Amino acid sequence: MVYISRKEFFNAAHRLYNPAWSKEENDEFFGPCANEYFHGHNFEITVTVVGEPNPMTGFVINLKKLGVLMKSLIVDRIDHKNLNMDVDFLKGKITSCENLVKVFWDILAPEIEKNSSGRLFKITLQETHKNYVEYYGEKGL
Ligand code: NI
């Protein structure tokens, strides 16, 4: 099996906030991430596909095509947006990286299956130089 990855970038604002909690509880738990007027990140999203190369092309997935899928299905819908306010598929969710990768997975996995000889293996979302999350789908590794 071959693991092949594509990275894309987006900038977005968000705020970590649970509306079921008081302002004090949110501030206590989320700290400055709960700031009322939001804050931004330069995100990196890496999508990894696993499979055997198609004997006709030598590719597991055409990386240019993967980039187009990532851009059209995810990046173009969230780049320079406020993730809490502007993004229909994130409505009602706490916009943590953990929640974001799960939503991204559900959007990308079926399209990757259609356009590759493999399947979606992992999504990595880098929020800061220090913090990133990895998601391997519901079944895990
Ligand atoms: Ni943040």
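A search of the whole predicted model finds 8 aromatic pairs. Among them is the pair formed by Phe10 and Phe43, which is stacked, with 4.8 Å from centre to centre and 15° between the planes. Because Phe10 belongs to strand E1 and Phe43 to strand E2, this pair ties together parts that are 33 residues apart in sequence. Both partners of the stacked pair are enclosed, in that Phe10 is buried with a relative accessible area of 1%, and Phe43 is likewise buried, with a relative accessible area of 1%. The rings of Phe121 and Tyr136 have centres 5.4 Å apart and planes at 80°, so this pair is edge-to-face. The pair links distant parts of the chain, with Phe121 placed in strand E4 (residues 118-126) and Tyr136 in the segment after strand E5 (132-135), 15 residues apart. In terms of accessibility, Phe121 counts as buried at 14%, whereas Tyr136 counts as partly exposed at 23%; the cut-off that separates the two classes is 20% relative accessible area. Phe121 and Tyr136 also belong to a cluster that ring pairs extend to Tyr3. A further arrangement involving an aromatic ring is found at Tyr17, where Arg15 lies over the face of the ring, at 4.0 Å from the ring centre.

Strand E4, which carries Phe121, is mostly covered, with 7 of its 9 residues buried. Strands E2 and E4 run antiparallel and are joined by 8 bridges; within this pairing, Val47 has Ile123 of E4 as its bridge partner. Strand E4 is also joined to E5, again in antiparallel fashion, by 4 bridges, and in this second pairing Gln126 stands opposite Tyr132 of E5. Between E4 and E5 there are 5 residues, and the two strands form a hairpin. Strand E4 is thus bridged to E2 as well as to E5, while the stacked pair described above connects E2 to E1 through Phe43 and Phe10.

Strands E1 and E2 are also represented at the metal site. The nickel ion is coordinated by the NE2 atoms of His14, His39 and His41, at 2.0 to 2.1 Å. In sequence, the donor residues are spaced H-x24-H-x1-H. Since His14 lies in strand E1 (residues 2-14) and His39 in strand E2 (residues 39-51), this pair of donors ties together parts that are 25 residues apart in sequence. The accessibilities of these two donors fall into separate classes: His14 counts as buried, at 1% relative accessibility, whereas His39 is partly exposed, with a relative accessible area of 21%. For His39, the assignment rests on the cut-off of 20% below which a residue is called buried.

Two residues that are not glycine have a positive phi, namely Phe38, at about 70°, and His80, at about 60°. Phe38 is placed in the loop between helix H1 (23-30) and E2, and this residue is partly exposed, with a relative accessible area of 26%. His80 lies in the loop between helix H2 (63-78) and strand E3 (81-82), and at 62% relative accessibility His80 counts as exposed. Both positive phi values therefore occur in loops that run from a helix to a strand, H1 to E2 for Phe38 and H2 to E3 for His80.

Asn82 lies in strand E3 and counts as buried, at 12% relative accessibility. The side chain of Asn82 is engaged by backbone atoms that follow in the chain: a polar atom of this side chain lies 2.9 Å from the backbone nitrogen of Asn84, and the backbone nitrogen of Met85 lies 3.1 Å from a polar atom of the Asn82 side chain. When neighbours within four places in sequence are left aside, Asn82 is in contact with Ala13, Phe38 and Val87. One of these contacts, Phe38, is the residue with a positive phi of about 70° in the loop between H1 and E2.

Conventions. Residues numbered from 1 in each chain as written. Heavy atoms only, no water. Donors = N, O, S within 2.8 Å, 3.2 Å for Na, K, Ca; no water. Buried < 20%, exposed > 50% of the residue type's maximum accessible area, 1.4 Å probe, protein only. Phe/Tyr/Trp six-rings, centres within 6.5 Å; stacked < 30°, edge-to-face > 60°. Lys NZ or Arg CZ within 6 Å of the ring centre and 35° of its normal. Polar contact = N/O pair within 3.5 Å; in protein donor to acceptor, adjacent residues only side chain to side chain. Contact = heavy atoms within 4.5 Å. Pairing = 2+ DSSP bridges.
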